[in-house]
Amino acid sequence: MKSTLKAAGLILAAVVLGLMTVQGSYALWNTTAPSNAGTIQAADFNILVNGSPMTPGPLAVNMGDVAKGQARYQSITVENAVNVTDSSPLRLQASLVGLGPVKDFAGYLTVTAAAVPISSACDLLSANQYTSVSPAPVLTKGAPQKICLKAELNPNTPTAYLGRNVASTITLNVAQTAPAK
């Protein structure tokens with residue numbers, strides 16, 4: 001009976017010891033090592049559109065009344081105001097969604113865009129600078145970028161579409177991209 005009790009006690013001790021090792025380790029075998037605390041800072045994703053903080057959702061761009069043979073121009077100024085240093089690999093790229101034929105104009109009105117330096121006048125750009133493919137300028141910190149929009153009616157536009165106000169909705173996307181190498 002005594003040997004059975006001893007055997008049961010040893011088995012119980014082995015099971016308890018086994019369970020303890022599965023959940024962790026023995027304090028006798030633990031060790032610690034000091035480490036110096038580091039500083040981690042996250043950047044604010046701060047983009048200014050026409051001088052105001054960018055908000056989610058589409059941008060309503062009022063181009064004014066349209067006439068045959070007379071293009072209408074509007075510009076959007078986009079600026080990277082992210083709190084990062086010059087050595088940071090943060091690179092932002094802007095792109096537009098919603099270029100091309102404008103709804104409610106049955107394909108007679110087209111909006112195109114061009115990315116130009118901030119000092120450029122949209123109406124003085126050459127026709128080949130405007131495209132229906134979204135411009136994708138890289139936004140350098142503290143250097144505003146201008147995106148010019150041009151609305152034009154096709155020459156064969158019916159009179160019912162003339163003189164209407166063009167309020168195009170464009171979605172501006174700004175995304176972080178890999179740094180240039």
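**A disulfide and a glycine, explained**

Modeller: With -75° about the S-S bond, cysteine 122 and cysteine 148 are joined by a left-handed link. This is a predicted model, in which local features need pLDDT of at least 70, side-chain atom pairs count only at pLDDT 80 or more, and totals for chains, interfaces and linings use all residues. Residues are numbered from 1 along each chain as its sequence is written, and side-chain values use heavy atoms, with hydrogens and water left out.

Colleague: Why is the pair of cysteine 122 and cysteine 148 called a disulfide?

Modeller: A disulfide is a pair of cysteine sulfur atoms within 2.5 Å. The sulfur atoms of cysteine 122 and cysteine 148 are 2.0 Å apart, so the pair qualifies. Searching the whole structure gives 1 disulfide.

Colleague: What makes cysteine 122 and cysteine 148 count as buried?

Modeller: Buried means under 20% relative accessible area, exposed over 50%, and partly exposed in between (1.4 Å probe, protein chains only). Cysteine 122 has 9% relative accessibility, so cysteine 122 is buried; cysteine 148, at 0%, is buried too.

Colleague: And why is glycine 163 called partly exposed?

Modeller: Its relative accessible area is 48%, so glycine 163 falls between the two cut-offs.

Colleague: How do you know that glycine 163 is in contact with Asp65 and Val66?

Modeller: Contact means heavy atoms within 4.5 Å. Leaving aside neighbours within four places in sequence, glycine 163 meets that limit with Asp65 and Val66, so they are called contacts. The C-alpha atoms of glycine 163 and alanine 67 are separated by 5.9 Å, with the two residues 96 residues apart along the chain.
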